[in-house]
Amino acid sequence: MMKLFKNKDIGIDLGTVNILIYVKGEGIVLSEPSVVAIDSETGRVLEVGKKAHEMIGRTPGSVIAVKPLKDGVIADFEKTEIMLDYFIKKIKGKNLFSKPRILICCPSNITQVEKNAIREVAERTGAKKVFVEEEPKVAAIGAGLEISLPSGNMVIDIGGGTTDIAVLSLDGIVYSESIKVAGNTFDNDIIKYIKNKYKLLIGEVTAEETKIKIATLIDDIKVKTLKIRGRDLITGLPKTICITSSEIKEAIKESVYKIIYATKLVLEKIEPEISADIIEKGIILTGGGALIEGLSNLIEKEIKVPVKIASSPLTCVVEGTGLMLNSLT
């Protein structure tokens with residue numbers, strides 16, 4: 001007989017691109033795309049997560065793949081609830097537990113209404129109690145920063161929908177900015193660049209794969225190439241082209257500099273003592289965007305402050321929820 005765990009605590013990184021779930025005492029138990037595939041004629045949910053993501057750009061007319069989160073917040077309340085409920089039931093199937101306490105993350109600087117929407121969705125999945133924490137704080141904890149001390153720490157969390165830039169001290173956020181420029185923006189930049197230069201239309205899945213495989217912000221590096229396929233806008237026929245890493249750099253550079261500019265704004269708003277702490281410790285880069293080759297070097301060069309990539313940037317937020325769950329009473 002399967003053992004029943006009552007009121008087991010879980011942490012959720014509710015991302016625009018991916019959802020990660022942490023179960024106290026077990027670690028990360030789930031990482032899946034934030035996608036729901038539905039039949040538009042009947043409204044029936046067909047797939048959720050990985051299988052739904054595989055349908056993006058490949059569905060018949062009546063089937064649509066929906067991303068219910070936009071810019072880190074809930075764009076489609078009903079679909080978010082369906083998706084979250086599905087994932088929680090999926091992990092319950094492995095280790096049954098009833099009415100867990102949930103710690104769920106949101107971007108900094110979102111409205112109280114948006115926070116309440118996130119809390120309500122989690123509550124409707126059967127949670128006993130829901131805690132909502134800001135992502136940059138949780139990411140900092142997951143990256144191993146000692147934010148409880150009276151000393152300044154800074155984190156740049158580049159997710160799928162938003163980039164959160166925050167300065168933390170004494171377990172709180174001293175100052176933060178959240179901008180809607182992040183991984184999805186880079187994907188759209190690549191789509192737009194290839195459309196304008198090559199008159200080739202590619203899908204978001206292809207753009208994301210291109211970014212992951214060859215995106216770089218380093219000037220003096222051997223040029224990487226990648227064959228990509230799409231639809232020729234002139235002939236309407238399938239076409240293959242070869243794209244280079246230097247072209248991808250050109251495509252995303254403007255958006256990258258928006259993140260750098262926002263980082264400078266945050267640094268200008270903080271006290272001199274905290275600035276001194278950050279210069280000494282450096283800035284920690286987390287989130288999927290941290291993995292773009294040369295990004296940390298470029299930020300460091302532009303703002304004249306050391307920048308380090310977290311040891312596990314993709315899982316910092318959900319690992320941070322795990323550490324915070326341990327302190328819940």
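This report covers salt bridges, a charged surface patch and the cysteines of a predicted model.

**Salt bridges**

Side chains of opposite charge can pair when their charged atoms come close. The whole structure holds 15 salt bridges. Three of them are listed here.

| Salt bridge | Closest N to O distance |
|---|---|
| Arg124 and Glu81 | 2.8 Å |
| Lys137 and Glu133 | 3.7 Å |
| Lys197 and Glu247 | 2.7 Å |

Arg124 pairs with Glu81. Arg124 sits in helix α3 (residues 112-124) and Glu81 in helix α2 (residues 77-92), so this pair ties together parts 43 residues apart in sequence. Glu81 is buried, at 18% relative accessibility.

In the pair of Lys137 and Glu133, Lys137 is buried at 15% relative accessibility. Glu133 is partly exposed at 22%.

Lys197 bridges to Glu247. Lys197 belongs to helix α5 (residues 183-198) and Glu247 to helix α7, so the link joins parts 50 residues apart in sequence. Lys197 is partly exposed, with a relative accessible area of 47%. Glu247 is buried, with 8%.

A network of salt bridges also links Asp9, Lys24 and Arg101.

**Positive patch**

Lys253, Lys264, Lys301 and Lys304 form a patch of positive charge on the surface. Lys264 lies in helix α7 (residues 245-269). Its relative accessible area is 33%, so Lys264 counts as partly exposed.

**Cysteines**

The disulfide count is zero. Why does Cys316 form no bond with Cys105? The sulfur of Cys316 lies 12 Å from that of Cys105, the closest cysteine sulfur, which is too far for a bond. Cys316 is buried, with a relative accessible area of 2%. Cys242 is partly exposed, at 41% relative accessibility.

Key
Residues are numbered from 1 along each chain as its sequence is written. This is a predicted model: local features need pLDDT of at least 70, side-chain atom pairs count only at pLDDT 80 or more; totals for chains, interfaces and linings use all residues. Side-chain values use heavy atoms; hydrogens and water are left out. Patches are made of residues with over 30% relative accessible area and no salt bridge: like charges are joined within 9 Å, nonpolar side chains (Val, Leu, Ile, Met, Phe, Trp, Tyr) within 5 Å. Accessible areas come from the Shrake-Rupley method with a 1.4 Å probe; for residues, only the protein chains shown count as cover. A salt bridge is a side-chain nitrogen of Lys or Arg within 4 Å of a carboxyl oxygen of Asp or Glu. Lys and Arg count as positive and Asp and Glu as negative; His and the chain ends are not counted. The place of a charge is taken as NZ of Lys, CZ of Arg, CG of Asp or CD of Glu. Helices (H or I, at least four residues) and strands (E, at least two) are DSSP runs, numbered from the N terminus. Buried means under 20% relative accessible area, exposed over 50%, partly exposed in between (1.4 Å probe, protein chains only). A disulfide is a pair of cysteine sulfur atoms within 2.5 Å.
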